[in-house]
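Please walk through this structure with me, beginning at one residue and moving outward to the cores and to the confidence of the model.

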Amino acid sequence: MNKKSLSETDIRSKFITPAICGVGGAGWNLMTQVREEAYFTKGRVIVRGKRVQRGEAKKADYVLYYKPNLPIAIVEAKDNTHSVGAGMQQALDYAEILDVPFAYSSNGDAFLEHDRTATGGGVTREIPLNQFPSPDELWSRYCASKKLTPPQVAVTTQDYYDDGSRKSPRYYQLIAINRTVEAIARGNNRILLVMATGTGKTYTAFQIIWRLWKAGAKKRILFLVDRNILADQTKTNDFKPFGQAMTKIANRTVDKAFEIYLCLYQAVTGVEDDKNIYKQFSSDFFDLVVVDECHRGSAADDAAWRQVLEYFSTATQIGLTATPKETKEVSNIEYFGEPIYTYSLRQGIADGFLAPYKVVRIGLDKDMLGWRPQLGQLDKHGQLIEDRDYNLSDFDRKLFLEKRTELVAGKVSEFLRTTNRFAKTIIFCETTDHAERMRQAVVNANSDLAAANSKYVMRITGDDEEGKAQLDNFIDPEATYPVIACTSRLMSTGVDAQTCQLIVLDKRIGSMTEFKQIIGRGTRINEDYGKLFFTIMDFRGATALFADPNFDGDPVQVYEPGPDDPPVPPSDPPVPPSSGDVGNAEPPPPPYGPSDIDSERRTRYYVDNVPVSVIVERVQYLDGSGRLITESLKDYSRKAVRKHYASLDAFLNAWNEAERKQSIVDELATQGVFLDELAEQVGKDFDPFDLVCHIAFDRPPLTRRERADKVKKRDIFGQYEGKAREVLAALLDKYADIGIVSVESLDILKVDPLRAFGTPMEIVKVFGGKPAYLSAVRQLENALYKEAA
């Protein structure tokens with residue numbers, strides 16, 4: 001056997017896998033400890049115009065596990081024409097991403113090891129093929145490097161919960177769980193986990209608690225949330241395996257017979273000291289306290305959650321948040337310490353676990369220019385309007401311009417009519433009164449659907465019991481209604497709206513924390529229901545926060561339509577205006593609080609006769625590296641192609657050498673170059689070859705018909721006779737009609753006019769067999785693109 005003639009797959013199966021598993025399976029267990037071609041990301045969702053496609057997912061050749069969900073080594077393989085260490089850089093990259101201590105590279109001759117736990121010499125070494133380290137050896141070396149004691153090891157190796165469904169934590173959840181369990185085993189009692197909305201914080205918390213509980217390291221646990229719906233969702237979903245050991249503290253009553261306690265923090269705290277139900281527990285009752293969404297209270301010195309945490313100060317405490325607060329007055333890190341692990345929105349989008357988004361920015365004239373009443377002007381109720389300049393800080397709080405509300409409702413409805421009128425939509429408003437007025441305006445703009453079902457549009461706010469009762473239905477992917485929810489703050493956090501496809505911002509947002517939470521309402525992906533990305537419509541300049549360095553996830557597109565433009569972003573976005581940006585509006589007010597309640601009692605004006613119009617709208621994309629770009633689809637495609645193919649010759653060589661042109665098309669699609677979308681702009685009569693040459697290298701394109709006619713004139717099929725010649729002529733016509741990608745498929749032989757020549761098998765036999773037929777097709781392709789080469 002010539003080893004150098006073997007493919008990488010052969011090298012893996014014949015040399016590397018047997019070496020890892022050992023003689024007679026004495027090494028690693030192939031069934032339980034070894035995963036080959038292990039995908040650990042989903043592939044970024046790429047949005048270009050109307051096309052949505054996933055990029056390439058990352059996979060390791062081998063991931064080795066000491067125990068299920070405890071990865072300890074990465075092995076990258078190369079064929080034997082490469083050196084032993086040729087795959088090490090990739091192995092180290094994956095080992096860093098997956099937080100794995102050992103990395104290996106092999107070409108089938110030996111292994112190169114990189115010990116990431118080593119701090120001195122001997123970091124790398126070459127190992128003979130038959131001496132690959134055993135699971136116990138690697139685990140022993142890891143524990144020694146961490147100085148773990150036997151009791152600590154027992155906690156660290158406690159099994160995960162497994163319900164038999166083969167559900168496995170995602171790689172970043174594994175890192176968060178394993179780091180936290182190990183840190184607690186080592187005696188760390190204050191831990192902060194930062195994980196973007198939609199990445200499974202509650203499931204992560206469950207596995208942490210389960211392992212610590214089963215190991216006996218923590219016997220009584222308190223899980224605090226800030227919304228009742230979160231406590232109920234947690235109890236019935238992720239925490240269900242705790243069964244009879246779990247209770248939810250309700251009605252301000254305490255039963256000390258349980259081990260796992262779920263609680264709304266408002267249920268255990270009160271204004272008066274005797275109402276603080278948590279003090280019915282002794283201060284050392286709980287071994288572990290986990291605070292979900294800890295940015296909402298526990299970070300402030302005088303917050304109710306902080307009081308609970310300080311009372312149970314002897315317990316280990318874990319803070320979970322997507323948006324840690326760091327201000328002069330409030331700090332998560334001051335209390336919990338630096339995050340033990342952070343998985344950001346940007347990383348979630350890059351990995352393909354979170355949905356990217358487009359942004360439609362709409363600037364209204366009164367918002368951007370302000371409005372001043374005429375001297376002596378009265379509102380619709382006959383009140384004299386105070387004479388002064390009104391701006392965004394006043395609208396829908398002190399001054400209601402009804403035409404403005406109608407315009408916003410109209411733009412939202414126009415967008416839905418153009419896309420999907422049953423796409424779940426959340427409209428965030430300034431106040432509950434504003435939310436009700438918006439509901440009325442949206443109902444009037446969609447009178448047909450609202451008449452068919454009164455729940456098509458609903459106000460879902462904290463003071464509306466009927467609306468709150470429909471929150472579960474809004475969240476449920478299988479429930480059609482409600483479709484559009486008008487809210488103020490109730491739905492800004494903790495609402496798992498997997499199929500929300502449109503978020504409308506008609507409120508000013510002064511807090512980065514609140515902004516991230518609102519954006520998080522749409523970041524969940526649900527492929528079963530076609531939810532891969534979402535859109536944000538911004539009427540208040542809130543998305544100016546994208547430019548804040550504290551924001552960690554850019555939009556795929558920002559669109560600012562003109563007064564007469566549709567609200568749906570085009571495939572080829574306009575260049576953004578240099579001035580008049582809606583994002584330049586004055587800073588937003590503080591988050592909704594007691595001052596807003598006071599303002600409810602002040603004089604408010606309702607004006608129904610002041611016209612409002614759109615004066616600006618913009619579009620930006622995320623490129624494959626997550627950078628925000630503002631160029632058109634053509635400009636983006638040109639840069640992407642030239643990055644992949646440095647010159648026209650490089651592209652021509654790749655095209656002509658490709659066995660199937662579809663492989664080139666697919667490869668470009670993973671870079672965000674969607675040729676179907678380009679054809680919509682450049683011309684539908686050009687095939688992928690001419691689109692790329694024209695867009696990227698400024699070559700004059702030929703239509704498919706022009707290329708086919710040139711081939712016919714050259715009469716290149718003289719070697720074929722009879723039916724074979726007729727088949728090739730028919731294929732040439734098919735190319736002119738539908739392109740080269742379809743001609744490459746044998747399925748083309750099943751359609752007219754080709755099926756008139758017989759079955760695909762009969763047609764192939766005319767050429768002397770399948771290899772000869774494919775050779776003829778390849779000759780046809782070479783003829784089509786000969787002049788370009």
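Threonine 425 lies in strand 19, which spans residues 424-429, where strands (E, at least two residues) and helices (H or I, at least four) are DSSP runs numbered from the N terminus. Because its relative accessibility is 0%, threonine 425 counts as buried, a term that means under 20% relative accessible area, with exposed over 50% and partly exposed in between (1.4 Å probe, protein chains only). Neighbours within four places in sequence aside, threonine 425 is in contact (heavy atoms within 4.5 Å) with Leu416, Phe474, Val483, Ile484, Ala485, Leu502 and Val504.

This is a predicted model, in which local features need pLDDT of at least 70 and side-chain atom pairs count only at pLDDT 80 or more, while totals for chains, interfaces and linings use all residues. Residues are numbered from 1 along each chain as its sequence is written, and side-chain values use heavy atoms, with hydrogens and water left out.

The largest nonpolar core, a set of buried Ala, Val, Leu, Ile, Met, Phe, Trp, Tyr and Cys residues joined through side-chain atoms within 4.5 Å, has 55 residues, and Ile74, Tyr171, Ile209, Phe223, Phe239 and Phe242 are those with the most contacts inside it. Helix 5 (residues 171-185) supplies the largest share of this core, ten residues. Apart from it lies another core, of 52 residues, including Leu648 and Tyr720.

The mean pLDDT (the predictor's confidence in each residue, from 0 to 100) is 82, and 85% of the residues reach 70 or more. Over residues 572-601, however, the pLDDT is below 50, although this stretch has 52 contacts in the model beyond near neighbours in sequence. Where pLDDT is low, the predicted coordinates should not be read in detail.
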